[in-house]
Amino acid sequence: MSTSGVRVSWLAGLNLGRRLVLGVPYVWLALFFLVPLLIVFGISFSTPKIAMPPIEPLFTYGADKVLQFRLYLSNYTFIAQDSLYLAAFANSVKIALVSTLLALLLGYPMAYGIARAPKSWRSVLFLLVVLPFFTSFLLRVYAWIGLLSRSGPINALLLKLGIIHEPLVMLQTDFAVYLGMVYSYLPFMVLPLYSAIEKLDPSLLEAAADLGCRPTKAFFRVTLPLTSEGILAGCLLVFIPSVGEYVIPAVLGGPGTLMIGRVLWEEFFNNRDWPLASSVAVLLLLLLVGFIVVLQRVQSREAASE
Amino acid sequence: MKTEPGPASVPADNAAPYVRIDRVSKRFGNHAAVQDVSLDIRKGEIFCLLGASGCGKTTLLRMLAGFETPSSGHIWIDGVDVTNVPPYDRPVNMMFQSYALFPHLTVESNVAFGLKQDGLPATEIRDRVADMLAMVELKGYEKRKPHQLSGGQRQRVALARALVKRPKLLLLDEPLGALDRKLRERTQFELVSIQERLGVTFVIVTHDQEEAMTLATRIGVMCAGEILQVAAPTEVYEYPNSRFVADFIGSVNLFDGRLIDDEPDHVRIECADLKHPFYVDHGISASPEAQVSVALRPEKISLSREEPPPVDGLNPGENTATGVVTDVAYLGEVSRYLVTLDGGRRIRVSQPNLHRHAERITWDERVWLSWDASAPVVLTQ
């Protein structure tokens with residue numbers, strides 16, 4: 001935001017060494033992000049073909065010495081007409097939004113607790129938040145199968161306590177998907193929230209109390225507005241990967257759990273329809289970019305009013 | 001213990017206390033931050049808690065605000081026991097050392113914060129905020145955010161925010177600490193004039209004795225969690241009740257001595273650092289031969305090149321000393337001298353520079369020191 005003023009001339013003043021250092025990440029991004037993205041974008045305008053790779057090339061140069069460039073829009077029109085894709089998009093956004101909200105409700109008190117804990121405790125608590133990352137994501141999601149299954153420890157405990165008389169069906173439900181999502185992405189929520197809350201000057205809360213605010217009121221009038229940036233960052237970090245999540249709905253969800261990541265996977269690997277899978281990916285990307293742009297607009301408007 | 005004559009203008013001691021701190025202690029673990037402090041603060045006065053950092057003055061202030069609960073003892077404000085009342089229910093407001101302005105709110109919203117919290121009608125809030133901002137001379141800054149203000153302006157926003165709720169008691173934690181010298185001096189007088197206009201009782205915490213002397217109606221000197229002396233600024237300076245107070249407030253020469261002549265109207269104190277005893281023109285209550293301290297302020301000592309004339313009633317040489325000037329600092333209105341006495345003891349002396357053209361006493365000169373019989377303060381604590 002604040003760098004836009006210097007952007008025009010920053011390159012001119014740099015010597016070769018600096019350009020080289022700054023250039024490396026750009027080359028990296030171009031090679032491993034931009035080029036693949038363009039390839040996916042290109043494939044999305046192709047059509048399937050029984051070949052290797054299984055797509056019709058966009059450019060053909062036949063024996064008749066004609067260079068042909070064909071752009072198939074059929075994938076996009078197909079997606080627009082088939083309600084399955086729309087439903088999958090809508091359901092993904094819904095699941096991601098609910099998971100983000102749950103992660104926020106759970107993560108905020110956690111982050112608050114860590115930020116206000118005695119200094120010597122903080123690093124330990126912090127480690128506990130990050131500790132799950134030491135194990136593979138896939139393994140952790142699979143572990144939930146064991147925990148949630150009919151004969152798993154959760155059902156066994158509830159049965160023993162007499163709370164339930166029949167094992168609960170938890171696996172292959174939306175509940176399991178939400179659980180997996182919140183569990184997996186919670187650290188991404190806690191970390192930015194922690195750094196926002198930690199920066200908050202405790203004397204501001206004392207000032208609010210001094211001016212007549214009870215603790216809950218002070219939270220909504222002071223703490224929440226002053227940590228809004230952390231909230232936004234945490235929500236984006238959870239929401240973005242959640243929308244396109246494949247593993248969690250595939251492993252924990254049932255056949256009814258329709259998510260766009262899963263649709264994409266099936267188109268790609270089961271139907272071997274690369275072009276359709278690519279157009280789903282492009283649309284997913286556009287959806288997320290649109291979401292981020294809207295949020296940033298809101299944020300910069302807030303910043304401007306400050 | 002003190003039987004010395006009091007200062008000329010004694011503040012009305014019989015005025016009913018507005019704030020009563022009754023045997024209040026505060027312990028954090030094993031550390032006693034405030035120990036058995038009792039203190040009465042009168043309505044409409046500016047009371048300064050003065051002490052070095054870590055003396056417990058801020059803890060005491062925070063107990064008045066309600067941020068800390070006393071481990072024992074009680075606090076009354078205007079006849080109401082507020083010992084266990086939370087800060088949001090106290091008729092008290094505080095100006096924080098860091099100002100603690102809400103960074104996400106404008107100047108106007110910062111000042112209106114407490115009034116909105118009380119659910120006052122919007123028009124009244126607007127009027128009161130406008131009045132308060134006019135008083136602290138911040139008209140035209142209503143829509144600014146705290147980070148767009150200078151230190152002095154922030155300080156005034158903090159003051160306005162604390163005063164707009166018309167508290168019974170305003171607590172100020174090092175109110176001028178973050179300002180530069182020039183601004184401090186101006187702000188000191190502004191604070192006093194605002195306080196006089198509104199009649200709000202101020203309790204100020206400071207480590208800066210000059211600030212305390214300028215602002216305070218009365219000063220409470222604190223050390224290690226206890227209040228050593230409560231008195232008007234002149235009294236604290238001229239009649240300190242202990243070695244610590246004498247040493248803490250201003251500059252002083254302290255002597256250890258022994259009471260050798262104890263009469264109702266005068267005493268003599270023998271001191272190893274001086275050839276002749278001190279003659280003090282009033283009686284003190286201490287046992288004969290008692291070990292006492294004598295405090296002598298630098299400005300109460302006269303320097304001369306010639307032997308001072310003898311004084312009636314004093315034995316020759318009493319209340320005088322001789323030595324050599326070791327150091328001189330010319331500060332404009334006064335000059336400060338460091339004189340090494342013949343016995344080796346170094347004494348601080350300050351002399352007003354009354355004349356522009358004068359042969360001032362300078363380095364390595366032999367000088368006579370003399371002082372009035374009323375100048376030494378005898379301390380038994």
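Reader: Let's start with the sheet that includes S3 of chain B: what is the strand order, and is the sheet open or closed?

Author: First, the ground rules. Helices (H or I, at least four residues) and strands (E, at least two) are DSSP runs, numbered from the N terminus, and two strands pair if DSSP finds at least two bridges between them. Here the sheet is open, with six strands in the order S6-S7-S8-S3-S9-S10 of chain B and mixed pairing. Strand S6 (92-95) and strand S10 (226-231) of chain B sit at the edges with a single partner strand each, so one side of each has no neighbour in the sheet. On average, neighbouring strands of this sheet are turned by 20° against each other, direction ignored. For such angles, axes are lines fitted to C-alpha atoms, for helices over the stretch in contact, and angles run from 0 to 180 degrees between N-to-C directions.

Reader: Is this a model I should read with some care, and what are the numbering rules?

Author: This is a predicted model: local features need pLDDT of at least 70, side-chain atom pairs count only at pLDDT 80 or more, and totals for chains, interfaces and linings use all residues. Residues are numbered from 1 along each chain as its sequence is written, while chains are lettered from A and ligands numbered from 1 in the order in which they are written.

Reader: Which residue of S9(B) is the bridge partner of Phe47(B)?

Author: Arg218(B). Strand S3 (residues 46-50) and strand S9 (residues 218-223) of chain B pair in the parallel sense over four bridges.

Reader: Which helix packs on the sheet?

Author: Helix H1 (residues 57-65) of chain B does, touching S3, S6, strand S7 (169-173), strand S8 (201-206) and S9 of chain B. Its direction makes about 150° with that of S7(B). Contact means that two residues have C-beta atoms, placed from the backbone, within 7 Å.

Reader: How is S11(B) joined to S12(B)?

Author: By a hairpin through four residues. S11(B) and strand S12 (residues 267-271) of chain B pair in the antiparallel sense over five bridges, and Asp262(B) stands opposite Val267(B). Strand S11 (residues 253-262) of chain B also pairs with strand S14 (residues 291-296) of chain B, antiparallel over six bridges; there Leu254(B) has Ala295(B) as bridge partner.

Reader: What is the order in the open sheet of five strands?

Author: S15-S19-S16-S17-S18 in chain B, with antiparallel pairing. Its twist averages 45° from one strand to the next. Strand S17 (residues 334-341) of chain B is joined to S18(B) by seven bridges, and Thr340(B) stands opposite Arg346(B).

Reader: How do I check the length of helix H1 of chain A?

Author: The expected span is 1.5 Å times one less than the number of residues. For the 28 residues of H1 (residues 16-43) of chain A that should be 40 Å, and the end C-alpha atoms are 37 Å apart, which agrees. H1(A) also has a kink of about 35° centred on Ala30(A); the bend at a residue is the angle between axes fitted to the seven residues ending there and the seven starting there.

Reader: How many residues of H1(A) are buried?

Author: One among its 28 residues, so H1(A) is hardly covered, where buried means 20 or more other C-beta atoms within 10 Å of the residue's own, with C-beta atoms placed from the backbone.

Reader: How many residues does each chain give to the contact?

Author: Chain A gives 15 residues and chain B gives 18 residues. On the chain A side, H8(A) gives the most, with six residues.

Technical notes: Buried ≥ 20, exposed ≤ 12 C-beta atoms within 10 Å, placed from the backbone.
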